[in-house]
Amino acid sequence: MAEFKLMKGNEAMAEAAILAGCDAYFGYPITPQSEVLEYLAREMPKHNRIVMQAESEVASINMVYGAAGAGFRTMTSSSSPGISLMQEGISYIAGAELPCLIVNVNRAGPGLGTIQPGQGDYFQSVKGGGHGDYKMIVLAPASVQEMADFVYLGFDLADKYRNPVLMLSDGAIGQMMEKVEFKPYTRPVVDKSAWATTGKPKSRNRNYITSLFIQPERMEVHNLKLEEKFKQIREHEVRFEEINTTDAEYLFVAYGLSARICQKAMDIAREKGINIALLRPITLYPYPYQRLHELASQVKMMLSVELNSGQMVEDVRLGVNGKVPVEFYGRMGGMMPTPEEIVHHLETLIQYHHVN
Amino acid sequence: MSIDQHILPGPVPVLNLPPCHTEEEYEMVYHKPSTMVDTTMHYCPGCAHSLVHKLIMEVVEEMGIQETTIGVAPVGCSVFAYDYMDIDMQEAAHGRACAVATGIKRLMPDKYVFTYQGDGDLAAIGIAETLHAINRGENICIVFMNNAVYGMTSGQMAPTTLPGMHTTTSPDGRDVSYYGAPIKVAELMANLPGAFYVTRQSVNSANAVRRTKKALLNAFKYQPLHKGTCLVEIIGNCPSNWKMTPVEASKFIDEEMIKTFPLGDIKIPNAEDIKIY
């Protein structure tokens with residue numbers, strides 16, 4: 001029988017990291033994710049793993065670079081302002097093709113912002129963030145259970161593609177307590193000997209980790225290699241969940257915490273006779289453009305609900321490509337919409353599009 | 001017409017050369033370390049980097065630690081260090097070498113880990129990572145090349161630029177009242193309890209090269225003791241950006257650089273701390 005524990009999202013993520021065989025965690029305190037470092041500072045030494053409170057997020061992401069470059073399973077986590085500081089390191093990690101897991105427990109911004117949940121880091125997460133052409137696989141958990149599950153998934157995808165993976169959570173999912181089950185996990189065998197800097201034996205050439213290709217011809221070849229990898233990721237790693245789409249005339253598109261609120265809003269709307277469904281992207285990169293494109297032939301309107309000023313809605317519109325109206329509703333600054341508020345907005349939009 | 005035909009208009013003369021000596025007839029007194037990659041370096045004539053690369057690789061060869069040494073290259077002129085040193089290496093972001101080295105060393109405490117950094121990399125953008133790594137007593141060796149300018153970007157003022165020294169961004173000479181005085185990295189870092197061995201050397205004469213080699217050898221030999229960080233600051237010649245000949249650059253170190261950056265050991269281990277080795 002499954003054994004459930006009652007845990008905070010941040011703690012569930014930390015415990016999952018241990019169970020996933022994470023060799024090292026490097027972090028820096030920041031609300032609302034300091035529990036991760038606290039939990040691991042307590043637990044990692046019991047498993048003979050490395051945990052280190054770095055002097056800054058800049059240092060922690062570069063410690064991740066070093067450990068990942070030496071072939072170890074390694075991660076860091078932070079919240080929005082700290083993730084901004086890590087962007088340089090993330091770009092280098094992507095350029096040098098190092099596998100690692102980065103977790104952003106998104107708070108509201110810009111600037112120091114506030115410590116309450118937000119989804120304002122969507123663009124930063126899926127469109128680049130750091131300099132140069134690179135992409136991270138971005139996983140968006142909507143529950144404490146998924147914060148644990150996506151640690152395993154994130155590490156495995158990172159190893160599979162030699163690419164950084166970002167888990168984009170938020171202050172609510174990270175802080176709230178829910179039941180969580182730590183499922184049995186078998187770590188895939190990955191051979192890193194062809195590139196990891198573990199010391200050069202006589203039998204092989206030296207390994208070096210770099211993102212520097214000074215000759216433009218070689219740089220372009222490297223860029224094209226990365227692009228081919230991102231194409232593979234787009235073809236094979238799109239993940240989403242859809243609820244009630246069979247008979248749907250309208251569609252909520254929302255991820256993470258917003259999807260949780262929209263699920264309740266969907267129930268309320270359906271009681272009122274509005275046939276609305278929910279599409280919840282689980283990977284924000286790669287994005288489920290294709291499924292949205294298909295659903296655009298079925299529904300009359302889509303409503304993207306986010307805790308920001310309207311970021312993911314641009315990707316929804318890319319998928320829909322003008323076939324049906326795509327509307328947006330969001331709250332910011334750490335404020336969250338109620339399900340009733342969303343339904344009220346939905347009804348107004350339906351009325352508007354019916355008249356026009 | 002080929003080039004040979006062009007430059008040799010007549011028949012090739014037959015030369016009466018003495019018979020060649022075989023290799024066995026000579027005693028090997030010097031050779032390039034086997035741990036160096038046999039390639040052309042991009043460094044300018046008279047630059048200290050190529051020499052210090054070689055010294056580090058001599059140490060690695062003599063200690064027989066090629067298989068257990070991991071280096072971290074900086075951003076700066078020595079950004080391509082991994083093209084020349086035949087060991088596993090990582091190229092760090094500008095200034096972050098000590099954080100990268102921390103990540104490597106903490107996961108592989110029995111390996112030899114060193115960083116190779118210039119003054120812009122270590123003393124400006126990366127001073128926080130450097131200071132905290134030393135304060136934690138990371139068991140790494142930091143090779144700090146101080147040539148008082150940003151070399152790679154062609155001679156801008158560095159945190160180590162001498163007072164009054166002309167650079168492309170201090171065209172009238174470094175104004176200490178505006179930019180402060182040069183940072184004495186070795187003296188600064190030696191104050192940290194995590195620093196085990198701190199020395200400042202140069203490579204502008206045969207004697208200086210020998211002393212630097214000895215310092216690097218010590219810094220590597222201390223690493224398995226797990227007693228803390230070894231910092232070897234090396235005053236480097238940069239004739240190109242100092243607008244000098246290599247000989248003038250060597251003189252400039254003796255006459256000017258060492259006034260601000262005196263050479264010698266700044267912190268040495270206690271005798272009992274190193275009695276194991």
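A residue counts as buried if 20 or more other C-beta atoms lie within 10 Å of its own. Keep that cut-off at hand for the tour, which runs through a predicted model.

**Stop 1: Thr130(B)**

Select Thr130(B), which sits in helix H6 of chain B, residues 127-135. Within 10 Å of this residue there are 26 other C-beta atoms, so Thr130(B) is buried. Next, show its contacts. Leaving out residues up to four places away in sequence, Thr130(B) touches Cys98(B), Leu122(B) and Ile142(B). For a distance to check in the viewer, pick the C-alpha atoms of Thr130(B) and Lys105(B): they are 14 Å apart, with the two positions 25 residues apart along the chain.

**Stop 2: H4(B) against H6(B)**

Keep H6(B) on screen and add helix H4 of chain B, residues 97-107. The axes of the two helices are 7 Å apart and the packing angle is about 40°. Angles under 35 degrees count as roughly parallel, and the angle here makes H4(B) oblique to H6(B). To see the contact, select Cys98(B), Ala99(B), Ala101(B) and Thr102(B) on H4(B), then Glu129(B), Thr130(B) and Ala133(B) on H6(B). Thr130(B) from the previous stop is thus one of the residues on the H6(B) side. Coloured by class, the contact has four nonpolar, two polar and one charged residues.

**Stop 3: chain B as a whole**

Zoom out to chain B. Its secondary structure consists of 11 helices and nine strands. Along the principal axes, the C-alpha atoms fill a box of roughly 75 × 50 × 30 Å. Chain B has 277 residues, and 51% of them count as buried. Among the contacts in chain B with a separation of 6 or more, 68% link residues 24 or more positions apart.

**Stop 4: where chain A meets chain B**

Show both chains. The contact involves 32 residues of chain A and 29 residues of chain B. On the chain A side, select strand S2 (24-27), strand S3 (50-53), H3, H4 and strand S10 (208-209), each of which supplies at least two residues. H3(A) has the largest share, with eight residues. This side of chain A divides into 16 nonpolar, 11 polar and five charged residues.

**Stop 5: H3(A) against H4(A)**

Hide chain B and keep helix H3 (residues 57-69) and helix H4 (residues 80-95) of chain A. Their axes come within 8 Å and cross at roughly 25°; the two helices are therefore roughly parallel to each other. The crossing is right-handed. On H3(A), select Glu57(A), Val58(A), Ile61(A), Asn62(A), Tyr65(A) and Ala68(A). They meet Gly82(A), Leu85(A), Met86(A), Gly89(A), Ile90(A), Tyr92(A) and Ile93(A) of H4(A). By class, the residues of this contact are nine nonpolar, three polar and one charged.

**Stop 6: the two domains of chain A**

Colour chain A by its domain assignment: domain 1 covers 4-200 + 212-236, and domain 2 covers 240-355. The domain centres, taken over C-alpha atoms, are 28 Å apart. Across the boundary, 26 residues of domain 1 are in contact with 22 residues of domain 2. Elements that each supply at least two residues on the domain 1 side include strand S8 (164-170) and helix H8 (216-236). Finish on H5(A), which gives the most to this side, with four residues. The domain 1 side has 16 nonpolar, seven polar and three charged residues.

Key:
Residues numbered from 1 in each chain as written. Chains lettered and ligands numbered in written order. Predicted model: local features only at pLDDT ≥ 70, side-chain atom pairs only at ≥ 80, totals over all residues. Buried ≥ 20, exposed ≤ 12 C-beta atoms within 10 Å, placed from the backbone. Contact = placed C-beta atoms within 7 Å. Domains from an automatic or database assignment. Nonpolar A, V, L, I, M, F, W, Y, C, P; charged D, E, K, R; others polar. Axes fitted to C-alpha atoms, helices over the stretch in contact; angles between N-to-C directions. Parallel < 35°, antiparallel > 145°, perpendicular 65-115°, else oblique. Left-handed = near helix turned anticlockwise from the far one by under 90°.
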